[in-house]
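I opened the notebook with a short list of things to look up: the pockets, the nonpolar core and the pairing of strands. The entries follow in the order in which I went through them.

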Amino acid sequence: MNLSLATYVTIVLISAALVCLQPTAIAKGFDNEVNISLFTLANFTDDSPEYGHLELSRKLNDHQYLGLEFITWTYEAPLGIPYGDSFGDTSENYPGRVRDLGIGLTFKHFFTHRLFVKLHATPLVQFYTDEAGELIQQGFQLFTAARLGYNWSWSQDRFFIEPSIAATSWPVRTHVPDAFEARDDQWPRYFLFEPGLNLGVRF
């Protein structure tokens, strides 16, 4: 097991252990929450990822939420490229672009009033296009994440913002065009320390 994979496994195991801790009750008086990712603001840049995210969650008890996550985005390079010289290097790009579109499940567990762990499992339909924007074929991916975050809320916990950090992985990926797969095979099927920043409201 290499260092990066060991780090990913460690994060997942720590997240699982935190779920077993006895938390403090949060957001009393509210049974539902909706949030969006503030990274949607990147859509206003010249190199827009065409990113969309919406999550609807229902409180299970005083410290756990179960949610549905609607998500889409596009990207031009393998997701497994780690931080470093190759990260953001256009020479690593695919001969085209990928759009992901899916609906997944989330589970959030607060182990203090503010700190939480969140698990994601999202099946995605993938649309592969060439450099001219023409559709090549469709594929499938199961995208998973283990996220550690902090909930900062105001107005008696009604509104909140959540910075977080995650380990992501895609253990299942099928029907990938050969030219795209050749790029993917150079990198791991996981990414460490992915940042997150969500804004939400409870009701």
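**Pockets, core and strands**

I began with the lining of the largest pocket, whose residues I sorted by class into 19 nonpolar, 15 polar and 10 charged. I keep in mind throughout that this is a predicted model.

Next I looked up how much space the largest pocket holds, and the value is about 1300 Å³. I found 44 residues along its lining, and those that lie nearest the centre are Trp73, Thr74, Tyr75, Leu79 and Glu194.

Which strands supply the lining of the largest pocket with at least two residues each? I noted β3 (64-75), β5 (115-130), β6 (135-150), β8 (159-174) and β9 (190-202), and of the contributors β9 gives the most, with 6 residues.

I then turned to the second largest pocket, in which about 200 Å³ of space lies. It is lined by 15 residues, and I wrote down Trp170, Arg173, Asp184, Asp185 and Arg189 as the closest to its centre. The elements that I found giving two or more residues to this lining are β8 and α2 (178-184). By class, I recorded 8 nonpolar, 2 polar and 5 charged residues for the lining of the second largest pocket.

My next entry concerns the largest nonpolar core, which has 13 residues, and in which Trp73, Val98 and Phe180 touch the most other members. I traced at least two residues of this core to each of β3 and β5, with the largest share, 3 residues, coming from β3. Trp73 thus appears twice in my notes, as a member of this core and among the residues that lie nearest the centre of the largest pocket.

What does Phe180 touch, once residues up to four places away in sequence are not counted? I listed Tyr94, Pro95, Gly96, Arg97, Val98, Tyr128, Thr129 and Ile136; one of these, Val98, is already entered above as a member of the largest nonpolar core.

I closed with strand pairing around β9. Strand β1 (residues 32-37) runs antiparallel to β9 and is joined to it by 5 bridges, and I noted Arg202 in β9 as the bridge partner of Glu33. On following β8, I found that it pairs with β9 in the antiparallel sense over 11 bridges, and that Phe160 stands opposite Gly200 in β9. I add that β8 and β9 also both figure in the lining of the largest pocket, each with at least two residues.

Conventions
Residues numbered from 1 in each chain as written. Predicted model: local features only at pLDDT ≥ 70, side-chain atom pairs only at ≥ 80, totals over all residues. Heavy atoms only, no water. 1 Å grid on protein atoms, 1.4 Å probe; cavity = no way out; pocket = protein on both sides within 12 Å on 5 of 7 lines; lining within 4 Å. Points joined across faces, edges and corners; volume = space filled by probe spheres on them. Helix = DSSP H or I, 4+ residues; strand = E, 2+ residues; numbered from the N terminus. Nonpolar A, V, L, I, M, F, W, Y, C, P; charged D, E, K, R; others polar. Core = buried A, V, L, I, M, F, W, Y, C linked by side-chain atoms within 4.5 Å. Buried < 20%, exposed > 50% of the residue type's maximum accessible area, 1.4 Å probe, protein only. Contact = heavy atoms within 4.5 Å. Pairing = 2+ DSSP bridges.
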